[in-house]
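Please find below a short note for a colleague who is opening this structure for the first time.

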Amino acid sequence: MTPRRLAGIGAFTLASALLLSACGDSGSDEGDSTAEGDGASTGVVSVNSGEPQNPLTPGMTNEVYGGLVVKNIYSGLVYYDADGAAQNEMAESIESEDNITWTITIQDGWTFSDGTPVTADSFVDAWKYVANLDNAQNQQYFFNGFAGFSADEASDIMVEAVDETTFTAELSEPSADFPLWLGYTAFFPMPEAFFENPDGFGEEPIGAGPYELESWEHDSLITLIPREGYEGPREPANGGVEMVAYTEEDTAYNDMLDGNLDVLPNVPSSAFATFEDQLGERAVNQPAALTQVVNVPEWLPEFQGEAGVMRRAAISMAIDRETITETLYNGSRTPAHDFTSPVIDGYSEDIPGSEVLEYDPEGAKEMWDEAESMEPVGDDYTLRIASNADSDHQDWVDAVCNTIRQDLGIGCEFAPYTTFDEFLNARDSGEVEGLFRGGWQADWPSMSNFLGPIYGTGAGSNDAQYSSEEFDAKLAEAGSAPDTETATELYKEAQEILFQDLPGIPLWYQNATGGYADTVENVQFGWDSDPILYQITKE
């Protein structure tokens, strides 16, 4: 999933944003106090994971496997606690009088794992590097709210160091929730060593986080160890973390049951009916900012123009979400009603146009036949839905295809890619010949984070290459709204545009469904569904 990007960040009140400037300690993170109360342990915690797609740098990493590593070996101005609230990490204060020009002060004394100091320039240089188109960073789009940003040519965003611990950032338009952005990985600082060798740095990264990379055995194992010199609020309560790359989730689940794997972030569908009984209090089934969609590539001719939009709607209406989530996922998924998530403020089930997500086999068939009368694809047409085969996606694709075949009278089949990174590479190069899975794990808790990063023109996770001037303008309008209520209504209007165009077809919302062995304690999954690694204890 990917989980990638920024346009029209939602409006919080300035007062809420400035609460972050109160102090530089850990705040009220429940996980921190639990781990500290029991004291540190020495055991190394093993976690089910996979091979990152890109080198381990904040500017390039925008998928879930690499993301879990990056946010533990690097630190930022703020971090998100289990509930999604921003807590100061490196920041001393983040202040503004107009929500456009922000003054950021970092705490003195922070260092990277190579012993060099973290300074204001560490942030300024990193942000400018990622934001500059010439550097081809996956996370560039996150800086499009900054003055001076360009997605079309080399640019220099308006970020400037004032002294060793203070810098300023100027936005292109007001955004009261700017401090909330800053816990996302794209905004992490980088040491001087990165700029000396950007291409090779990601294999042996140097961060300022609670852990450092000890080894990376590609396609097998990533080992993190607690970093000496880290004195921030995320102090590790264990002896390190091993991220094990499994190719079969059922194997990982069985290893966890046997005590050979400590933490399982994702329960396979084969265990949905039994894992809560098997694990008891060690089972995790909680709402999270996770959605699943089927993306419709703009490069496929059969989905272009008026007939193409009708085909998108027909496919959506032919998916029996209610039955699939009940029978396949046993209550760990909820049929989608919008493009965001029920755990996000502003969520609504009544967006005009959202009726296209309701199961309507007769209407779907009529819609498909009308599209055929306009621009036929032929009776022998087969719809392909692509995803990676090293996770259990074939089950839901088969279920979706069953209702599509039945209701539309066309072929439908799973198009597998052997590994996650192979699938991502094919997707990113525009080589997928069909629809493809799009999972989204929010970067920060805001409606905007489910919209702009995925569907904004040129956005880092706009994998289907959708572009709409009307949608982009609505995002910008919402991002500069004077209050959250106004912004919420504008984001709903932006979703109306998406329901008209259907660049992606929402399927369902996903709970964080995981578990852990009796070998570990103090395990907590956050608002974004990731396990909070640093607080886990193991003797």
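The points that follow take up the nonpolar cores, one loop residue and one pair of helices.

1. This is a predicted model, in which local features need pLDDT of at least 70 and side-chain atom pairs count only at pLDDT 80 or more, while totals for chains, interfaces and linings use all residues. Residues are numbered from 1 along each chain as its sequence is written, and side-chain values use heavy atoms, with hydrogens and water left out.

2. In the largest nonpolar core (buried Ala, Val, Leu, Ile, Met, Phe, Trp, Tyr and Cys residues joined through side-chain atoms within 4.5 Å) there are 147 residues, of which W127, F143, F146 and F187 touch the most other members. Helix 4 gives the most to this core, with 8 residues. Leaving aside residues up to four places away in sequence, F187 touches (heavy atoms within 4.5 Å) F123, W127, F142, F143, F146, W181, L182 and W444.

3. Another core, of 12 residues, lies apart from the largest one and includes A386, Y417, F423 and F436.

4. S150 is found in the loop between helix 4 (120–131) and strand 6 (159–163), and is buried (under 20% relative accessible area), with a value of 14%. Beyond residues up to four places away in sequence, S150 touches A131, L133, Q140 and S155.

5. The axes (lines fitted to C-alpha atoms, over the stretch in contact) of helix 16 (residues 469–479) and helix 17 (residues 484–501) come within 8 Å and cross at roughly 170°, which makes the two helices roughly antiparallel (angles over 145 degrees).

Note on methods. Axes fitted to C-alpha atoms, helices over the stretch in contact; angles between N-to-C directions. Helix = DSSP H or I, 4+ residues; strand = E, 2+ residues; numbered from the N terminus. Parallel < 35°, antiparallel > 145°, perpendicular 65-115°, else oblique. Buried < 20%, exposed > 50% of the residue type's maximum accessible area, 1.4 Å probe, protein only.
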